[in-house]
Amino acid sequence: MNNVVAFRRSPKIDQPEHLSAIVVAGSGGAAATTTCLGLATALRLGTDAQVAAIDGTVGGGNLLDRAGVEPIDPARAIRQLGSHMAVSSAGAVVVGGHGESSDSVLVDSLLADRHLARIHDVGTAVRSPRLTPLIEAGAAIVVAVPPRAEPLARMRGALDWLVRT
């Protein structure tokens, strides 16, 4: 299984609307939210594909507050996600992590049905059972870890688990 996608200045990704990726952090403050938004923006601007950045952190994070600069057009909104959707300055759809939108599999499915590439910020919850279906479906996994030994050491168990999954 090879889920590595190389991003270049102009990404060359066949069918970007089929891309689903999970950004996981080695610790709090590892820049997983920034990485998620950066990847969504690069994909949106580099391929002109429809892309969603999704806050899948446990308890809800601040992706919507940080990146959702305009309300989403009601014609593009998804009923189940309600007011937890906005659009970034790059044109990516941003989905906040509240209510039904905290179900990563449901959100991924709803957005895939609309032909959007999906980049999930899941914080440190890589071993969460709610992410297993995304991982088993072949979602790319991006690991954001600060350059310190202790977060890498804490990630060892999660990375071993991923290899076995």
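**Sheet, helices and salt bridges of the chain**

User: Over how many bridges do strand 1 and strand 7 pair?

Analyst: Strand 1 (residues 20–25) runs beside strand 7 in the parallel sense; strands (E, at least two residues) and helices (H or I, at least four residues) are DSSP runs, numbered from the N terminus. Two strands pair if DSSP finds at least two bridges between them. A25 has A144 as its bridge partner in strand 7. The pairing of strand 1 and strand 7 extends over 5 bridges.

User: What kind of model is this?

Analyst: Residues are numbered from 1 along each chain as its sequence is written, and side-chain values use heavy atoms, with hydrogens and water left out. Local features need pLDDT of at least 70, side-chain atom pairs count only at pLDDT 80 or more, and totals for chains, interfaces and linings use all residues, for this is a predicted model.

User: Which are the edge strands of the sheet?

Analyst: The chain has 5 helices and 7 strands, and 7 strands form an open sheet with mixed pairing, in the order 3-4-5-2-6-1-7. An edge strand pairs on one side only. The edge strands are strand 3 (70–71) and strand 7 (140–144).

User: At about what angle does helix 1 run to strand 6?

Analyst: Helix 1 (residues 32–47) lies across strand 1, strand 2 (51–55), strand 6 and strand 7. Axes are lines fitted to C-alpha atoms, for helices over the stretch in contact (heavy atoms within 4.5 Å). Angles run from 0 to 180 degrees between N-to-C directions. Helix 1 runs to strand 6 at about 170°.

User: Within what arc do the buried residues of helix 3 fall?

Analyst: The buried residues of helix 3 are S104, V107, D108, L110 and L111, where buried means under 20% relative accessible area, exposed over 50%, and partly exposed in between (1.4 Å probe, protein chains only). These residues line one face of helix 3, because their directions from the helix axis, taken to the C-beta atoms, share a limited arc. Their cover includes strand 1, strand 2, strand 5, strand 6 and helix 4 (132–136). Seen down the axis of helix 3, the arc is 165°.

User: How many residues apart in sequence are the parts that R118 and D108 tie together?

Analyst: The side chains of R118 and D108 meet in a salt bridge at 3.0 Å, N to O; the term requires a side-chain nitrogen of Lys or Arg within 4 Å of a carboxyl oxygen of Asp or Glu. R118 and D108 are both buried. R118 lies in strand 6 (residues 117–123) and D108 in helix 3 (residues 104–113), so the pair ties together parts whose separation in sequence is 10 residues.

User: In the salt bridge of R44 and D48, how far apart are the closest N and O atoms?

Analyst: The structure holds 2 salt bridges, and one of them joins R44 to D48. R44 counts as buried because its relative accessibility is 15%, whereas D48 counts as exposed because its value is 59%. The closest N and O atoms of R44 and D48 are apart by 3.5 Å.

User: Leaving aside neighbours within four places in sequence, which residues does S88 contact?

Analyst: S88 sits in the loop between strand 4 (85–87) and strand 5 (93–95). S88 counts as buried because its relative accessibility is 5%. Leaving aside neighbours within four places in sequence, S88 is in contact with A67, V69 and V94.
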